[in-house]
Amino acid sequence: MNTSLTHITRISTARLTAASVLAAMRPRQWLKNLLVFGAPAAAGMLFSAAALADATLAFIAFTLAASGTYLINDTIDAPADRLHPTKRDRPIAAGILSGRVAVTGGVVLFVASLLPTAMIGRADFVGVLLVYILMSVSYSLWLKQIAVVDLVVVAAGFGLRAVGGAFAIDVPLSQWFLIVSFFGALFVVAGKRFGEQRSLGDDAVKHRPTLSDYADIYTQHVMTLSSGITLIAYGLWAYDHGFLADSWFLASLMFLVMTLLRFALLVHAGKSDDPVEIVWRDRPLRVLTLVFLALVVAGIEIG
């Protein structure tokens, strides 16, 4: 009887640990890794079976690598996360998942990310993924404590996903595409910092020390600057490809403007300090984003 009870307890514990690890991997944040499909879409190869297969492998690789960094980052940030109204419910901060198990899981995920990378079989993609992992771990350990550098590093993480997607299918990268990816990401990251300042109030610095260096007007300035560069670069990318006169791309530019403005509106309204959560919760923003992406793909494939 005691043996059976012990066995059942072990199974229940294992299931709870597995569920906690999965939750700590932040499945909703995997949405960010869809950026790897940006380059295939921009190159008009999104519907090529071979390109789509390699881009999907790149998505899996970045998902595993990013999940590994989340586990390690949350272990380091657990004391600060306990001061956050929502992050305190994360498995590690809540004490449901031990830091030792999380770090071990993070290393396992890093190693696992090399499997789809090996299936792609391109050395440049391997390099991008390794740079992403190294940069992400460095961010968790100390780069996040340096004002401005923390913004740039997080934005660069988004950019590396876009670069990885291009390397995975072996297509050249437009300089304008890179600029759009980086500064679009910087706009989102600055919005996240602004949201944290608004939602956490006096506790903001306790959660993220660099917020003491960012006045509201500064993060708003970064958002304005980065969104302007994003829109200009997108227009130049379209012009560079002869797309600017195409109605598909003119329409997509309009929807890109509305998407950025909608996101800024929600951030300033204090809806959330997590960009992914904002996208999940706000239907108009989801619709604007999807219409923008659909118009870009249609412009490339049909226009």
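**Salt bridges, helices and surface of a predicted all-helix chain**

In this predicted model, R90 forms a salt bridge with D74, and the closest nitrogen and oxygen atoms of the pair are 3.3 Å apart. The bridge connects distant parts of the chain, since R90 belongs to the loop between α3 (49-81) and α4 (99-112), whereas D74 belongs to helix α3, and the two residues are 16 residues apart. Both partners are shielded by the surrounding protein: R90 has a relative accessible area of 18% and is therefore buried, the cut-off being under 20%, while D74, at 2% relative accessibility, also counts as buried.

A search of the whole structure finds 11 salt bridges, and two further examples show pairs placed within a helix. In the first example, the side chains of R193 and E196 meet in a salt bridge with a nitrogen-to-oxygen distance of 3.7 Å. Both residues lie in helix α8 (residues 175-200), where they are three residues apart, or about one turn of the helix. An α-helix has 3.6 residues a turn, so residues three or four places apart point the same way. Both members of this pair are buried, as R193 has a relative accessibility of 1% and E196 has a relative accessible area of 0%.

In the second example, the side chains of E277 and R281 meet in a salt bridge at 3.5 Å, again taken from N to O. These residues are four residues apart in helix α12 (residues 275-281), and they are therefore separated by about one helical turn. The two ends of this bridge differ in their surroundings, because E277 is buried, with a relative accessible area of 16%, whereas R281 counts as exposed at 56% relative accessibility, above the cut-off of 50%. Elsewhere, salt bridges that share partners join R26, D74, D81 and R90 into one network, and the pair described at the outset, R90 and D74, thus belongs to that network. The side chain of E277 has a further partner, making a polar contact of 3.1 Å with the side chain of R28.

The chain as a whole contains 13 helices and zero strands. Of its 303 residues, 48% count as buried. Among the contacts in the chain with a separation of 6 or more, 72% are accounted for by residues 24 or more positions apart. The accessible surface of the chain comes to about 14700 Å², and 69% of that surface belongs to carbon and sulfur atoms.

Two of the helices can be examined for their length and for the degree to which they are covered. Helix α7 (residues 149-169) has 21 residues, which at 1.5 Å a residue should span 30 Å, and its end C-alpha atoms are indeed 30 Å apart, so the expected and computed spans agree. Of these 21 residues, 16 are buried, and the helix is therefore largely enclosed by the rest of the structure. Just after α7, D170 takes a positive phi of about 60°. Helix α11 (residues 247-268) gives a similar agreement, because its 22 residues should span 32 Å at 1.5 Å a residue and its end C-alpha atoms are 32 Å apart. The buried residues of α11 are F249, S252, F255, L256, T259, L260, F263, A264, L266 and V267. Just after α11, a positive phi appears once more, here at G270 with a value of about 75°.

On the surface, I76, L141, W142, I146 and V149 form a nonpolar patch, and together these residues have about 430 Å² of accessible area. One member of the patch, I76, is placed in helix α3, the helix that also holds D74. I76 is partly exposed, with a relative accessible area of 36%, whereas D74 is buried at 2% relative accessibility. In helix α4, V111 is exposed, with a relative accessible area of 55%. V111 and G68 are 43 residues apart in sequence, yet their C-alpha atoms are 9.3 Å apart in space.

How values were computed: Residues numbered from 1 in each chain as written. Predicted model: local features only at pLDDT ≥ 70, side-chain atom pairs only at ≥ 80, totals over all residues. Heavy atoms only, no water. Expected span 1.5 Å × (residues − 1). Buried < 20%, exposed > 50% of the residue type's maximum accessible area, 1.4 Å probe, protein only. Salt bridge = Lys/Arg side-chain N within 4 Å of Asp/Glu carboxyl O. Patch = residues over 30% accessible without salt bridge, like charges linked within 9 Å, V, L, I, M, F, W, Y side chains within 5 Å. Areas by Shrake-Rupley, 256 points an atom, 1.4 Å probe, with all protein chains shown as cover. Contact = heavy atoms within 4.5 Å. Polar contact = N/O pair within 3.5 Å; in protein donor to acceptor, adjacent residues only side chain to side chain.
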